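Hi everyone, thanks for coming. I'd like to walk you through a structure that may be new to you, so have a look at it while I talk.

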Amino acid sequence: MTALSTPTVRAPHAHDILFEPYQLGNLRLKNRFAMAPMGPLGFSDADGGWNARGIEYYVARAKGGTGLIITGVTFCENPGEDVPRPSVASSVVNPGHFIRTSNEMTERIHAYDAKILLQISPGFGRVIMPNFIKPGNLPIAPSPIPHRWTDMTCREMTVEEIRTTVKNAGKGALNGKRGGFDGIQIHAVHEGYLLDQFAISMFNQRTDSYGGSLENRLRFAREVLEEIKTTCGDDYPVTLRFSPKSMIKDWRVGAMPGEVFEEKGRDMEEGIEAARLLTEWGYDAIDLDIGSYDAWYWSHPPMYQAKGLYMPYSKQVKDALPDVPVILAGRMDDGDRAVRAITEGFADMISLGRPLLADPEWVNKLRAGRTETIRPCISCQEGCMGRIQAYAALNCAVNPEAGREADHKVRPAIRPKKVMVIGAGMAGLEAARVLAERGHKPEVFEAGDRLGGVVVAGGMPSFKEDDHDLIAWYAGQLEELQVPVHLSTAVTEQMIDSTDADHIILATGSAPRRLELGDALPVTEAIDALLDPSSLIGKRVAIVGGGLTGCELALHLKELDDTTQVTIVEAGDDVLSMSGPLCHANHDMLHDLVTYKGVEVVANAFAQRTTATGLEVAVQDARLTVEADAVVTAIGYQSSARLVDAVNASRIPFHVLGDARKVSNIMYAIWDAFEVATEL
């Protein structure tokens, strides 16, 4: 008889506390991680059920180890709003269909010992998107207040509409329970959505039982809770997405980080009292964030916001209400930071949104101690918020499979090929990674001495550090996949003529556009200035070009030394007016930070030449001199495809990818490379 071996005792792990079970209401969760609710655009069908994309999307995150999945917003059909379908799922439009498709999803999620909450929204109110408003209709709100996105004034929601919405929330929650959901999250007394508008006196000027005192302003949220508990049972968990502070300076004006201002929305004192009332009434947990649509770059923090930015506010809530379970979001994609949040009383659970878009296996990889294999979110918001804004689709810039797991998979190659990849920017790196995963034999050639192309320079500011993490992730992936990489190796026509490659990927990137301004002052290109700003620190610097690169360089210089006097010379009406698309949160915050950090802007101006005292510019019919000791040009990039003719002449099949094909951004470089590499 074989003796049983002595079990191995695993050494304590720095992140063990994050993987201890947690009791949320009557739910026993296997770990402290929740998937944050994100707008599930593209995941439903015309009958309000879940489509295959939606099911695979959520199942992938459960498979990746996340203990609690929270769906993005679904509707319970507010009679004052007519949101077109398919946009997001609805639990009341076609109950049978919703229950059936929900069970298809929840049964699979439960197989991974994960739990899932259905997030239900009573409505948008004044923040409803213009394309959701039927011609001739007015958006609803608690009172006749300005619409967030247009010049319209909202109409006051009637009591009958409120009561119908409450009833629909109960019906929708019951359908969610029948569909296998383990609980409900109400969306939301947060971010300035309809329930939040009722809760905040700035928006709620009613004189009936839904206005006036804080208890009255929270009545709508209370009635929704009570209706759900009545229909689903007192022990059925109901959590609340909640913002204890609004960060509103004025209508459509948000506060800057660290700014002293008068809060026009909900301040922390009222936020803590609201949390106390809401949980006393029966909400089982608070899923906490900060901000509002009037301060959108708090609710959807871009890379210009600090990581863990909600922690000081969640600590105040936990200190005041220690028995209230708090789920904490806000750029918490770091295991050590998450441990600190739990052990030092900032929160009880950690919520990951965009990090789980970038890598659905985030939790499993942290648990295994393989953090270097986690694909980082770069907080660019181009694939998530930007795609939602432009195309009503939730995706991810660095993970082309996000939101398309059902139909965009990496499959083994039938006939492996030897592929010459020229260029190690984002497009070349992604192409090489995917090709190697499929069984092809890529070999990478890079003229520079580092991987990453122009992203190396772009990632130099501290707020862009995740760009460098992404490059490091690619380096680790290519090493693990044993992809040969040749740095400082400029490919020549002779090398192309002599290669035995079956296919060529030309990903030579882009080069900065040049501007001849004379030599009266030092003139530096933005990439060189980002890589080595030492000669500019503490001086008067004129930056020609107020696009993304110029604005981020200006902030970088002020960050390094606030005494540096920076002036942006911009040909358009304003900075960022002529740059590529940015989602609202990124655009608005970067735009506002330029002014807030003391950067001067000369608009409608065209740089002419350097002089002994600065940069001469033409503004309309006049000439003026911007005083400067140095000038930096940031006027964009142009494709660098010098080897196209040689590759074409070789008769070897090829693709041109990334900026070499068309100057764009990180997302499209990665996406184009993924598309070609998965089909080769």
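I'll go from the chain as a whole to a few strands, and then to some single residues.

One thing up front: this is a predicted model. So, how many helices and strands does the protein chain have? There are 22 helices and 30 strands. The radius of gyration is 27 Å, close to the 26 Å from the globule rule for 680 residues, so the chain is as compact as a globular protein of that length. If you want a feel for the dimensions, the C-alpha atoms fill a box of roughly 85 × 75 × 50 Å along the principal axes.

What about inside and outside? Buried residues account for 58% of the 680 in the protein chain. The chain exposes about 26,900 Å², and 49% of that comes from carbon and sulfur atoms. Now take the contacts between residues at least 6 apart in sequence: 71% of them join residues at least 24 apart.

There's also a record to mention. UniProt, in an unreviewed entry, lists residues 18-371 as "domain: NADH:flavin oxidoreductase/NADH oxidase N-terminal". In our model that stretch is 34% helix and 15% strand, and its end C-alpha atoms lie 14 Å apart.

Okay, on to the strands. Please find strand 10, residues 238-242. Is it buried or exposed? Five of its five residues are buried. Val238, Leu240 and Phe242 point one way, while Thr239 and Arg241 point the other way. And who are its partners? Strand 9, residues 183-189, pairs with strand 10 in the parallel sense over four bridges, and Val189 has Phe242 as its bridge partner there. Strand 10 also pairs with strand 13, residues 285-288, again parallel and over four bridges. In that pairing, Thr239 is matched with Ala285.

While we're around strand 9, there's a detail in the backbone. His187 and Ala188 are joined by a cis peptide bond, with omega at about -5°, and Ala188 sits in strand 9 itself.

Just past strand 10, look at Ser246, in the loop between strand 10 and strand 11. Being in a loop, is Ser246 buried or exposed? Its relative accessibility is 0%, so it counts as buried. Which residues does Ser246 touch, leaving out those up to four places away in sequence? They are Ile200, Glu263, Gly265, Arg266, Gly291, Ser292 and Ala295.

Next up is strand 15, residues 349-352, which is covered on both faces. Met349 and Ser351 are on one side, Ile350 and Leu352 on the other, and all of them are buried. Strand 3, residues 33-35, runs parallel to strand 15 and is joined to it by three bridges; Ala34 has Ser351 as its bridge partner. Strand 14, residues 326-328, is parallel to strand 15 too, with two bridges, and here Leu328 stands opposite Ile350. To get from strand 14 to strand 15, the chain passes through helix 10, residues 335-343, in a right-handed β-α-β crossover.

Further along the chain there's an open sheet of five strands, in the order 18-17-16-19-30, with parallel pairing. Strand 18 and strand 30 are the edges: each has a single partner strand, so one side of each has no neighbour in the sheet. Strand 17, residues 441-445, joins strand 18 through two bridges, and one match to look for is Phe445 with His486.

Last stop: a few loop residues. Glu77 has a positive phi of about 65°, although it is not a glycine. You'll find Glu77 in the loop between strand 5 and helix 2, and at 26% relative accessible area it is partly exposed. Asp113 is another non-glycine with a positive phi, near 60°. Asp113 lies in the loop between helix 2 and strand 6, and it's partly exposed as well, at 45%.

Finally, Thr158 is in the loop between strand 8 and helix 3. With 35% relative accessibility, Thr158 counts as partly exposed. How far is Thr158 from Arg411? They are 253 residues apart in sequence and 54 Å apart in space, C-alpha to C-alpha.

That's my tour, thanks for listening!

Notes. Residues are numbered from 1 along each chain as its sequence is written. This is a predicted model: local features need pLDDT of at least 70, side-chain atom pairs count only at pLDDT 80 or more; totals for chains, interfaces and linings use all residues. Side-chain values use heavy atoms; hydrogens and water are left out. Buried means under 20% relative accessible area, exposed over 50%, partly exposed in between (1.4 Å probe, protein chains only). Two strands pair if DSSP finds at least two bridges between them. A crossover is right-handed if, with the strands pointing away from the viewer, the path from the first strand over the helix to the second runs clockwise. The radius of gyration is taken over C-alpha atoms; the globule rule is 2.2 Å times the number of residues to the power 0.38. Contact means heavy atoms within 4.5 Å. Accessible areas come from the Shrake-Rupley method with a 1.4 Å probe; for residues, only the protein chains shown count as cover. UniProt positions are given in the numbering used here, feature names are shortened, and annotations may be inferred rather than shown by experiment.
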